[in-house]
Amino acid sequence: MAPKNRIIIDTDPGVDDVLAMLLALSASPEELEVVMLSVTYGNVQLHSCLRNVVALFHVLEKEMSWREAAGKGTASYGALRAFKPIVAVGAEHPLEDELLMADYFHGADGLHGVHDAHPHLSPADTWRSLFLDSTTGPAESAEPPAYSKYFTPSKTIAHKEILRILKEEPEDTITIVAIGPLTNVALAASEDPETFLRVKELVVMGGAVGVEGNITPCAEFNCYADAVAAARVFALTSPTPASTMPPVPQKVDGSLSSYPAKLPRQLKLTLFPLDITTPHELRKNYFNEAIQPLKAAGSPLAQWTDTFMSGTFDKIDSILGDGSEPGLSLHDPLCIWYMLTRDNPAWKPVPELEDIRIETSGQWTRGMHVVDRRVRAKPGDQDSSVKTHPQDPVDAVTFDEVPGDTLGWLSVNKGNRINRIIDSPGQELFAQVLMERLFR
């Protein structure tokens, strides 16, 4: 049976990114296929993000061997066993070349020193040759490492691999799940918007709509890290993309361009902002109770995961400073849970698509998700066509402009159209689902 959903994960691993990738790979082959992992900068520098992806497969290779030796069967991690995703390396910095990292939270390597703590669970540096052109990088290894049986390394830059896959696969069969800065996605959309719009859906973890931000008072990290990329991607949801496109950054090489006036269709973008992701937590005590028996039994995955999760809980505890039990918000894994259970009616989007726009130039508001909270009628919501000559049905004037409506917030032909998720199958349930799927 073909998988219900086929996805590209665009990621900047970090802690919750790793949990998201593990959740995706733990799916059954009927539920999900990870077609590609598109790696970007973000929580840490690009090299460290890529190292964490490769290490994940290295650990999973050891975990599968351990489970087989322990007689645990082969029922778990079906997607890992059945498919072999491409891993491609993407952008090193934002479109405006102002690198922002979250290493203060995730640690210098993105995983709280797990590579130094467990060198036997980290791949040797020869993995770099898998992704570098042999004419400019290290010589190819004679034998690929054992863990590479689980993925296909690509020497093509990530956004071009995204476009290739979208062009070669049938339209509306590939969903992109973007859980890092949107630079790779924006580059793909800019290079070939017609091919990019063959995507079934773009699921984005990012933004803060009705809650405070986590990097500034009003901005979430992924969006703040490359606000221009986010604004350009969001614009593809608009009937008139030019109405919300940001200016082309002066610091880029000129490869970005305006979208064509006519596009084949609008992008379906489903947004998971902090409003919905933050309350879905994995609490320290629950995690420890579940992981310690597995760690004691010798699970490489439990040992590896416990190290960076312990570091994360310690960091959260220091940030809170009130002695309360720390919990990790499962921002990125929630997007994967959606892909696994998207037919569940408990997933509730906003009643109508929202015009959410990204601030790209504000001194204090960069990355802010701006919505129009004014109570104003939109003339286009009603029948606003008026015949100037009743005998001529073709001769009509459509009123879609409102005096004093700067930037077209009241226009039905301008602005973005975002499908924002506001409820899930259960805040408390998700932590249990995550732990059971990763460690069953």
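These exercises work through a cavity and several salt bridges in a predicted model.

**Exercise 1. The cavity**

Find how many cavities of 30 Å³ or more there are, and say what lines the largest cavity.

*Solution.*
Step 1. Start with the count. There is one cavity of 30 Å³ or more.
Step 2. Take its volume. The largest cavity holds about 70 Å³ of space.
Step 3. Look at the walls. The lining has 13 residues, and L182, V204, N222, C223 and A230 are the closest to the cavity centre.
Step 4. Place the lining on the fold. At least two lining residues come from each of β6 (201–205), α9 (221–225) and α10 (227–235).
Step 5. Sort the lining by class. Seven residues are nonpolar, five are polar and one is charged.

**Exercise 2. A bridge inside a helix**

Describe the contact between E161 and R164, and work out how they sit along their helix.

*Solution.*
Step 1. Check the contact. The side chains form a salt bridge, with N and O 2.7 Å apart. The cut-off is 4 Å, so the pair qualifies.
Step 2. Place the residues. Both belong to helix α6, residues 158–168.
Step 3. Count along the helix. E161 and R164 are three residues apart, so about one helical turn separates them.
Step 4. Compare with the burial cut-off. E161 has 7% relative accessibility and is buried, because buried means under 20%.
Step 5. Do the same for the partner. R164 has 31% relative accessibility, so R164 counts as partly exposed.

**Exercise 3. Buried, exposed or in between?**

Classify both partners in the salt bridge of D125 and R128, then both partners in the bridge of R357 and D355.

*Solution.*
Step 1. Take D125 and R128. Their side chains meet with an N to O distance of 3.4 Å.
Step 2. Recall the limits. Partly exposed lies between under 20% and over 50% relative accessible area.
Step 3. Classify D125. Its relative accessible area is 46%, so D125 is partly exposed.
Step 4. Classify R128. Its relative accessibility is 34%, so R128 is partly exposed.
Step 5. Turn to R357 and D355. Their closest N and O atoms are 2.9 Å apart.
Step 6. Classify this pair. R357 is buried, and D355 is buried too.

**Exercise 4. Bridges that share partners**

Name the residues joined into one network by shared salt-bridge partners, and give the count of salt bridges in the model.

*Solution.*
Step 1. Follow the shared partners. R6, E33 and E169 are joined into one network.
Step 2. Give the count. The model has 19 salt bridges.

Definitions and conventions
Residues numbered from 1 in each chain as written. Predicted model: local features only at pLDDT ≥ 70, side-chain atom pairs only at ≥ 80, totals over all residues. Heavy atoms only, no water. 1 Å grid on protein atoms, 1.4 Å probe; cavity = no way out; pocket = protein on both sides within 12 Å on 5 of 7 lines; lining within 4 Å. Points joined across faces, edges and corners; volume = space filled by probe spheres on them. Helix = DSSP H or I, 4+ residues; strand = E, 2+ residues; numbered from the N terminus. Nonpolar A, V, L, I, M, F, W, Y, C, P; charged D, E, K, R; others polar. Buried < 20%, exposed > 50% of the residue type's maximum accessible area, 1.4 Å probe, protein only.
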